[in-house]
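Got your viewer open and a selection box ready? Here is a short walk through the model, one stop at a time.

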Amino acid sequence: MSALVDLMIRNNLITRKDYEKVAGAGMHDEPFHKLAIRSGMVSEDDYLNLLKDAYGYVIMEHIPDGYRPDAFAHISPAFMDEHCLLPLDTTDREIRIAVNDPFDYLILDTIKKLYPAKKIIVYLSRKEKIKQWINEYFYQEERSVQEDDSDDEISESAYAFEDLEHLRDLASEAPVIKKVNQLLTSAVEDRASDIHIEPFEDRLVVRFRQDGLLQEHMVLPTYMQQAVSTRLKIMARLDIAERRVPQDGRIKTKIAGKDIDIRVSCLPTVYGESVVMRILDRTSASFSLEKLGFPEREYKIFHKLIYSPYGMLLVTGPTGSGKTTTLYSALNTIHSIEKKIITIEDPVEYELDGINQIHVNPKAGLNFASGLRSIVRQDPDVILIGEIRDKETADIAIQSALTGHLVFSTLHTNDASGAISRLIEIGVEDYLLASSLIGIMAQRLVRILCPFCKKKFVPDELIIKKYNLQFNGGPKEICQPRGCEKCGFSGYKGRIAIFELMVVTDEIRELILQNKSVVSIRKMGFDQGMTFLREDGWSKVVNGVTSIEEVLRVTGQ
């Protein structure tokens, strides 16, 4: 029991029974005081007053007069927002900050690094107030700077248009081109995988997806919405007059010396068109099995499976879990002059040298099923199907696997064993499935802890027991995120996959033919040595690659 918990008990904020109940349930993934406030066990005001009386903290109710947010421009508003921190003022010797949790040592460590020669004076305030002040003094300030184009200033009246030609002309003017170019360049420099431009009643929000998570990048005024979306539609060769139905397009460009392929999707919403862009950096794309993060056992098994002469190998997981990268890496590994490889995808994300790739075109009658029928007449050795979505596609894929082809494909299921039940649900015969499947792999992407700032610590025995962390005789240390300039104060930089690989053995084929449950198949896989997704995640936690929170985020609580 910590000194803070003891203080809360002595001051009657909680009872010992309350604490023991939570501790006994193993709910120590976060500090007890945070859990107590979040669950309503302790009110935020009571907690702050306790700290005030016990440690002499001052509780702030108002921002000091003459507050200058520009003095802290080098501290990211996103970092302030995430850690509920507001810098107040700074002198030659001191810096004053307002926080909601003075025991969040990541905050104090970061401020100490930014101001190594200064004493940190900590004030307390309610979380809601700090968030409000951050929004008022930092995000609003940021927005006003972003909306100001200095010499290229754009007036609101300039965007009050209905005429199509005027819209085309306006989208081709320098201020709009500059704004869109800045947006694309920033996304590439920040290693974003997607750009989301979302119109709302009073603002146009731009968010970047970085390492799998969306983060707000800028907020633009609403009157810029049509000009920005029109500019992007012109670049993607879409119909700028059509705003009532979804449209998809593609932009090929060069940014910072890199060949960038951008997939553009426009979707009509209540307040205008939402535009989402997927950024594919061909220059930095690397398809190597060795770099995906396979455990040694799974790497050897998967490597053996992809060299099978025939059969069907599935990779499962939600959108954005790295399935395509894994399959491209497999194709890149087995590609040789002796093998003919054909893919059918929606869309073709990267162009692979020496491999025949087909982009489905439903409007022209080319879908996965019809494309597959033609592919098998091309005498391929290996076929990659972007996704199995229906019975017809599944049946042709299985027939291809049974007639001497090696077939790779993907499914949207939560784990490896779930792929079997999914295919049976869409109508695939169990005997065909049992005969054709050779392996199923589920995967997720977890963020990698920033190597420059990750912090080692010794986890509580409850955590080690709860998550079954295996240290194999080494020190019982794991790492947690801190945040620094190199990772944008997020604590993470890059992503790596965690895997669950099931080899379809004779015993599993027998269970499929007997129409056994997913649980039975999963248990058989475990008995035969299969490592579950979360277990692979824990091994990467123990090795200091990622954090417990990341594994829980992608595998579920």
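Before the first click, keep in mind that this is a predicted model.

**Stop 1: the cysteines.** Start with C450. Is C450 buried or exposed? With a relative accessibility of 0%, C450 counts as buried. Show its sulfur and look for a partner: C450 is in no disulfide, and the nearest cysteine sulfur belongs to C453, 3.7 Å away. Now add C484 to the selection. C484 is in no disulfide either, and here too the nearest cysteine sulfur is that of C453, at 3.6 Å. A disulfide would need the two sulfurs within 2.5 Å. C484 has 16% relative accessibility, so it counts as buried. You can stop hunting for bridges after that, since the structure holds zero disulfides.

**Stop 2: a tryptophan.** Keep C450 on screen and select W538. The two sit 88 residues apart in sequence, and their C-alpha atoms are 18 Å apart in space. W538 is part of helix α20, residues 533–542. Its relative accessibility is 7%, so W538 counts as buried. What is W538 in contact with, leaving aside its neighbours within four places in sequence? Display Y467 and L469, then I548, V551 and L552, and you have the list.

**Stop 3: a pair of helices.** Next, colour α13 (368–375) and α14 (391–402). Their axes lie 8 Å apart, and the helices pack at an angle of about 20°. Angles under 35 degrees count as roughly parallel, and α13 and α14 are therefore roughly parallel to each other. Turn the view to check the handedness: the crossing is left-handed.

Now bring up the side chains where the two meet. On the α13 side, pick F368, A369, L372 and R373; on the α14 side, pick E392, T393, I396 and A397. Colour this contact by residue class and you get five nonpolar, one polar and two charged residues.

Stay on α13 for a moment. How many of its eight residues are buried? Six are, so the helix is largely enclosed by the rest of the structure. To see them, select F368, A369, S370, G371, L372 and I375. What do the buried residues of α13 pack against? Besides α14, they pack against three strands that you can switch on in turn: β11 (341–345), β12 (356–359) and β13 (382–385).

**Stop 4: a cis peptide.** From β11, step along to P347, which is in the loop between β11 and β12. Zoom in on the backbone between D346 and P347: that peptide bond is cis, with omega near 0°.

**Stop 5: two backbone oddities.** Finish with a pair of residues that have positive phi without being glycine. One is D211, with phi near 50°. Find D211 in the loop between β5 (204–210) and β6 (213–220). Turn on a surface there: with 13% relative accessibility, D211 counts as buried.

Then jump to N515, where phi is near 55°. N515 is in the loop that runs between α18 (506–513) and α19 (518–527). Is N515 buried or exposed? N515 has a relative accessible area of 56%, so it is exposed. Put D211 and N515 up together as a last view: the former counts as buried, whereas the latter is exposed.

Note on methods. Residues numbered from 1 in each chain as written. Predicted model: local features only at pLDDT ≥ 70, side-chain atom pairs only at ≥ 80, totals over all residues. Heavy atoms only, no water. Buried < 20%, exposed > 50% of the residue type's maximum accessible area, 1.4 Å probe, protein only. Axes fitted to C-alpha atoms, helices over the stretch in contact; angles between N-to-C directions. Helix = DSSP H or I, 4+ residues; strand = E, 2+ residues; numbered from the N terminus. Parallel < 35°, antiparallel > 145°, perpendicular 65-115°, else oblique. Left-handed = near helix turned anticlockwise from the far one by under 90°. Contact = heavy atoms within 4.5 Å. Nonpolar A, V, L, I, M, F, W, Y, C, P; charged D, E, K, R; others polar.
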